[in-house]
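Hi everyone, thanks for making time for this one. I'd like to walk you through a small set of notes, so please have the viewer open and follow along.

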Amino acid sequence: MADKIVLQLKKNGPILVMKDGKVLMALCRCGASTNKPYCSGDHAKVGFEAEEGTLEI
Ligand code: FES
């Protein structure tokens, strides 16, 4: 069976793409990143608010 990819939606932050417990990348979901499609940390500056969650694919 293939290893699952886990998408961890961080509260008020990015989507972490994870495999085997390791973070492969952090994707921006606030739209304010200066390094799209990756999170640059700017979500904190713009006051981005979003719920946390987890998806397995
Ligand atoms: S989620 Fe971090 S910069 Fe958009």
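Let's begin with the sheet. It is an open sheet of four strands, in the order β3-β2-β1-β4, and the pairing is antiparallel. At the edges sit β3 and β4, with β4 covering 53–56, and each of these two pairs on one side only. From one strand to the next, the twist averages 20 degrees. Please keep in mind that this is a predicted model.

Stepping back for a moment, what does the protein contain by way of helices and strands? The tally is zero helices and four strands, so reading from the N terminus you get β-β-β-β. The C-alpha trace spans about 40 × 20 × 15 Å along its principal axes. The protein has 57 residues, and buried ones make up 21% of them. For those of you who like contact statistics, take the contacts between residues at least 6 apart in sequence: 33% of them join residues at least 24 apart.

Now the hairpins, starting with β1 and β2. Strand β1 covers residues 5–9 and strand β2 covers residues 15–19; they run antiparallel, and five bridges join them. If you want a pair to click on, V6 stands opposite M18 in β2. Between these two strands there are five residues, and the loop there includes N12. N12 is worth a stop on your Ramachandran plot: its phi is positive, about 60 degrees, although N12 is not a glycine. Is N12 buried or exposed? Neither label fits, because its relative accessibility is 28%, and N12 therefore counts as partly exposed.

The next hairpin is made by β2 and β3, and here there are two residues between the strands. Strand β3 takes in residues 22–27, and its pairing with β2 is again antiparallel, over five bridges. The pair to look at here is K19, which stands opposite K22 in β3. In the turn you find D20, with a positive phi of about 55 degrees. Like N12, D20 is not a glycine. How accessible is D20? Its relative accessibility is 56%, so D20 counts as exposed.

Moving on along the chain, we reach the loop between β3 and β4, which is the place of P37. The thing to check there is the peptide bond between K36 and P37: it is cis, with omega at about 10 degrees. If you plan to set up anything from these coordinates, that is the bond I was looking at.

Last topic, empty space. Rolling a probe the size of a water molecule over the atoms shows where such space is left. How many cavities of 30 Å³ or more does the count come to? It comes to one, and the largest cavity has a volume of about 40 Å³. Its lining includes G13 and P14, along with C28, R29, C30 and S33. Further along the sequence, C39, S40, G41, D42, H43 and F48 line it too. Sorted by class, the lining has five nonpolar, five polar and two charged residues.

To recap, then: an open antiparallel sheet of four strands, positive phi values at N12 and D20, a cis peptide bond joining K36 and P37, and one cavity of 30 Å³ or more. Thanks for listening, and I'm happy to take questions.

Notes. Residues numbered from 1 in each chain as written. Predicted model: local features only at pLDDT ≥ 70, side-chain atom pairs only at ≥ 80, totals over all residues. Heavy atoms only, no water. 1 Å grid on protein atoms, 1.4 Å probe; cavity = no way out; pocket = protein on both sides within 12 Å on 5 of 7 lines; lining within 4 Å. Points joined across faces, edges and corners; volume = space filled by probe spheres on them. Nonpolar A, V, L, I, M, F, W, Y, C, P; charged D, E, K, R; others polar. Pairing = 2+ DSSP bridges. Axes fitted to C-alpha atoms, helices over the stretch in contact; angles between N-to-C directions. Buried < 20%, exposed > 50% of the residue type's maximum accessible area, 1.4 Å probe, protein only. Contact = heavy atoms within 4.5 Å.
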